[in-house]
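Here is a quick tour of a two-ligand model, written for someone who likes cut-offs spelled out. Have a look at the chain first, then read on.

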Amino acid sequence: MIRFEQVSVTYEDAAGPALRGVDLSVDEGELCLLVGPSGVGKSTLLGAVSGLVPHFTGGTLHGRVTVAGRDTRTHRPRELADIVGTVGQDPLAHFVTDTVEDELAYGMESLGLPPDTMRRRVEETLDLLGLASLRDRPIATLSSGQQQRVAIGSVLTAHPRVLVLDEPTSALDPAAAEEVLAVLQRLVHDLGTTVLLAEHRLERVVQYADQVILLPEPGAAPVIGAPADIMAVSPVFPPVVALGRLAGWSPLPLSVRDARRKAKALRERLAPLAAAAGAGAAFQPEAGAAPLAPTRPAAPTLPMLPTNTSRPIGEAKGLSVRRGRIEALKGVDLTVRPGETIALMGRNGAGKSTLLSAFVGLHEPAAGTVRVGDAIPHRTRPAELLRHVGLVPQEPRDLLYADTVATECQAADRDADAPAGSCRALVTGLLPDVADATHPRDLSEGQRLALALAVILTARPPLILLDEPTRGLDYAAKARLVDILRSLAAAGHATVLATHDVELAAELAHRVVILADGEVVADGPTAEVVVSSPAFAPQVAKVLAPLPWLTVPHVARALEATA
Ligand SMILES: Nc1ncnc2c1ncn2[C@@H]1O[C@H](COP(=O)(O)OP(=O)(O)OP(=O)(O)O)[C@@H](O)[C@H]1O
Ligand SMILES: Nc1ncnc2c1ncn2[C@@H]1O[C@H](COP(=O)(O)OP(=O)(O)OP(=O)(O)O)[C@@H](O)[C@H]1O
């Protein structure tokens with residue numbers, strides 16, 4: 001159905017090709033997963049299928065890509081629209097209409113489908129993707145996960161024979177991600193749809209794939225094979241595979257279910273350690289290192305904040321916030337103390353982003369109060385508020401205005417009244433290889449996140465808020481982010497991160513707070529909260545249950561201690 005013959009793509013002004021020597025085919029009715037570290041060319045490969053590369057992106061494509069026999073170089077994306085449905089990384093950029101229902105119908109209208117067919121498919125899709133209650137909503141007022149579901153729905157309604165999806169679950173809560181994958185699998189099995197999808201969070205998708213295409217490094221030829229075979233050699237792999245590699249299991253497990261079947265001996269080996277260590281609290285992230293633990297040295301670029309640990313850094317009491325007709329937060333209580341890392345989790349639309357933005361004064365409470373230090377955010381001047389709290393938004397680009405890294409840093413120093421060079425020193429600490437003259441637009445997703453974080457940190461706010469910081473990051477970038485956030489906690493900063501990444505929460509957070517429909521429904525130590533809510537439990541916790549380990553590094557440390 002999809003065929004690449006000796007394809008290479010070179011963007012204008014690039015030092016080398018973004019893709020080289022790609023020769024592969026994806027059969028009809030196959031779910032094919034495209035994996036690889038950031039920047040290896042996954043989006044480029046997907047774009048070559050939908051025709052966006054090179055028609056919209058520029059650059060040169062050598063070789064031949066055909067979809068259902070049509071050459072994508074001689075057919076523009078519009079001429080492929082009846083066979084290929086595409087969802088890109090940034091759904092907002094592709095919405096054409098204003099409301100959910102119109103967007104679901106738009107693709108079918110352009111294909112000239114009869115009105116009753118369109119009507120039926122819109123209803124089916126609203127049900128399938130849990131969008132029925134949002135059907136009349138302006139798209140601009142949806143949460144990011146709700147928008148991503150609309151973007152997926154809008155390509156499904158046209159029943160394309162080929163679906164090309166670039167990180168389709170990046171903004172989805174864990175349950176929604178499973179629902180979307182179940183829908184895709186049904187299309188593949190029942191209708192013979194061909195699905196090609198790129199994803200960083202392999203724990204969500206690898207078990208559904210028929211075939212995996214690995215791009216191991218930029219410009220390297222792809223490695224193609226059965227999922228377990230590719231996972232054995234891939235530089236990116238999910239926690240169950242990491243656990244399988246650690247325990248020496250063969251073939252490697254791809255799902256929690258596979259891993260549980262193989263884990264009996266490992267559980268038996270670990271059980272006495274759990275009993276010896278006592279309560280589950282011993283398996284908290286950073287076990288033994290309480291917030292502000294003196295043993296953890298702060299990174300040199302992150303001087304200790306003067307802190308008074310008895311006073312909260314941020315506090316919401318009985319906080320209610322309205323957004324239009326919606327009561328997005330209802331009586332939320334949350335206390336944040338110095339050195340704490342809190343993961344804020346919950347389904348799409350639960351109110352996580354709203355809560356973070358209330359802490360930076362973007363919403364006036366309808367009831368209750370919110371404070372950061374002594375400041376009431378919505379009554380505090382932005383320049384003053386910077387010293388108390390900083391928010392790295394879901395799209396770090398929204399925080400970056402300048403056209404070079406150097407000018408961005410100078411502006412951050414000025415805004416924060418910090419000594420010249422402060423922001424640049426932070427950038428160098430976080431991103432040793434980034435040159436002053438680089439345009440923020442040309443940074444990778446992970447680099448842009450680090451730059452936005454440096455801009456925020458320049459004012460040294462005690463409270464740092466991050467909205468979905470691992471969206472679009474590969475495992476290596478995520479590990480670097482974890483190190484940075486741990487150093488911040490050790491230096492006395494408190495961090496609240498809204499995230500759907502259960503693996504990140506398990507690795508990093510001291511506490512997990514779960515929001516549901518605008519209310520706090522759980523607030524406690526990470527191990528307790530995530531293990532008792534299956535949707536938010538990391539893979540290792542599910543594999544080893546009822547033992548209390550949450551991540552592969554925790555297990556590795558325990559095994560080392562027994563070796
Ligand atoms: N439109 C473009 N113009 C110039 N260079 C580009 C363009 N799009 C991508 N690139 C460059 O091509 C390379 C491959 O990028 P691509 O987005 O395909 O990687 P990716 O594997 O999808 O990365 P990620 O996982 O971060 O999404 C990168 O070095 C990127 O900077
Ligand atoms: N500008 C707006 N106008 C009206 N309603 C809004 C607006 N922005 C968000 N909402 C609604 O407020 C609720 C909370 O949205 P919020 O973005 O805080 O959720 P979230 O938990 O961050 O979701 P996600 O996980 O999808 O990012 C949702 O029902 C959303 O549809």
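Helices (H or I, at least four residues) and strands (E, at least two) are DSSP runs, numbered from the N terminus. With that in hand, residues 314-542 come out as 35% helix and 26% strand, with the end C-alpha atoms 33 Å apart. This is a predicted model, where local features need pLDDT of at least 70 and side-chain atom pairs count only at pLDDT 80 or more, while totals for chains, interfaces and linings use all residues. Residues are numbered from 1 along each chain as its sequence is written, and chains are lettered from A and ligands numbered from 1 in the order in which they are written.

The span 314-542 is no arbitrary cut: an unreviewed UniProt entry lists residues 2-243 and 314-542 under "domain: ABC transporter". UniProt positions are given in the numbering used here, feature names are shortened, and annotations may be inferred rather than shown by experiment. Here are the two spans:

| Span | Helix | Strand | End C-alpha atoms apart |
|---|---|---|---|
| residues 2-243 | 37% | 22% | 34 Å |
| residues 314-542 | 35% | 26% | 33 Å |

Now the domains, whose bounds come from an automatic or database domain assignment. The chain splits into domain 1 (2-234) and domain 2 (339-364 + 374-538), and their C-alpha centres lie 29 Å apart. The contact (C-beta atoms, placed from the backbone, within 7 Å) takes 18 residues from domain 1 and 20 residues from domain 2. On the domain 1 side, α6 and α7 (174-191) are the elements giving two or more residues. That side has six nonpolar, nine polar and three charged residues; Ala, Val, Leu, Ile, Met, Phe, Trp, Tyr, Cys and Pro count as nonpolar, Asp, Glu, Lys and Arg as charged, and the others, Gly among them, as polar.

On to the ligands, where a residue belongs to the shell if its C-beta atom, placed from the backbone, lies within 6 Å. Ligand 1 is surrounded by 14 residues, the closest being Y11, S38, K42, S43 and T44. Helix α1 (residues 42-50) supplies the largest share, three residues, and the shell has four nonpolar, eight polar and two charged residues.

Around ligand 2 there are 21 residues, with T141, S143, G145, S353 and T354 the closest. Two or more residues each come from α6 (144-156), β12 (326-336) and α13 (352-359). Both domain 1 and domain 2 give at least three residues to this shell, which divides into six nonpolar, 12 polar and three charged.

Methods:
Two residues are in contact if their C-beta atoms, placed from the backbone, lie within 7 Å.
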